[in-house]
Amino acid sequence: MMNDIDRILYSKEKLEEIVSGLGKQISEDYADRNLLMISILKGSVVFMADLMRSITIPCEIDFMATSSYGNGTKTSGTVRILKDLDRDVRDYDILLVEDILDSGKTLNYLMDVLYARNPSSIRICTLFDKPERREVDIKADYKGISVPDEFIVGYGLDYAEKYRNLPFIGVLKKEIYE
């Protein structure tokens, strides 16, 4: 796997620092609220696990799985829900936890779906933001760091279901995915 990485962008230690800061801010903002963290599978599961351990207030978790990429590097634009929530979200303060916000199409679609279920509120937390790739008007309420428009993997992010287990964020060599 390491031979497929062009360079490391963020070390394990840098990721821990970013996630810790997000957890502290979320803990302050959601004190005395009914927090439900929703991980958008599969990519955000590593981030979600670390983020929820850095949150110091009571919270619940659930998971959704969507598909819009297949094995490609660009979204197809068609979002499908592969796994829905296991609970009614009415009266919860939802925090959608996503690994990377790029085109915004998936999160925009999910926001519409979830708002129709009458939660108290919905906010977005993303570890990585690629604003230059945005195709819809959506912004994260909590953002770890903006990343360059390169194909990154590791810490849950994949290419064709591989590289998720890398403990850092690296740029994938172009010859791997072109």
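Visitor: Before we look at helix 1, what does buried mean here?

Guide: Buried means under 20% relative accessible area, while exposed means over 50%. Keep in mind that this is a predicted model. In helix 1, the residues that count as buried are Leu15, Ile18, Val19, Leu22, Gly23, Ile26 and Ser27.

Visitor: What makes those buried residues line one face of the helix?

Guide: Looking down the axis of helix 1, the buried residues fall within an arc of 165°, so they line one face. Glu13, Glu17 and Lys24 lie on the other side of helix 1, and they are exposed.

Visitor: How do you know what span to expect for helix 1?

Guide: Helix 1 covers residues 12-29, which is 18 residues, and at 1.5 Å a residue the expected span is 26 Å. From first C-alpha to last, helix 1 reaches 26 Å, close to that expectation.

Visitor: Let's turn to helix 3. Why is threonine 106 called buried?

Guide: Threonine 106, which is found in helix 3 (residues 105-115), has 12% relative accessibility. The cut-off is under 20%, so threonine 106 counts as buried. Leaving aside neighbours within four places in sequence, threonine 106 is in contact with Thr66, Ser68 and Val79.

Visitor: And the sheet: what makes strand 1 and strand 8 edge strands?

Guide: The open sheet has three strands in the order 1-9-8, with antiparallel pairing. Strand 1 (5-10) and strand 8 (152-153) each pair on one side only.

Visitor: How do you know that strand 1 and strand 9 pair?

Guide: Pairing takes at least two bridges, and strand 1 and strand 9 (residues 169-172) have four, in the antiparallel sense. For arginine 7, the bridge partner in strand 9 is valine 171.

Conventions
Residues are numbered from 1 along each chain as its sequence is written. This is a predicted model: local features need pLDDT of at least 70, side-chain atom pairs count only at pLDDT 80 or more; totals for chains, interfaces and linings use all residues. Side-chain values use heavy atoms; hydrogens and water are left out. Helices (H or I, at least four residues) and strands (E, at least two) are DSSP runs, numbered from the N terminus. Buried means under 20% relative accessible area, exposed over 50%, partly exposed in between (1.4 Å probe, protein chains only). Contact means heavy atoms within 4.5 Å. The expected span of a helix is 1.5 Å times one less than its number of residues. The arc is that of the directions from the helix axis to the C-beta atoms.
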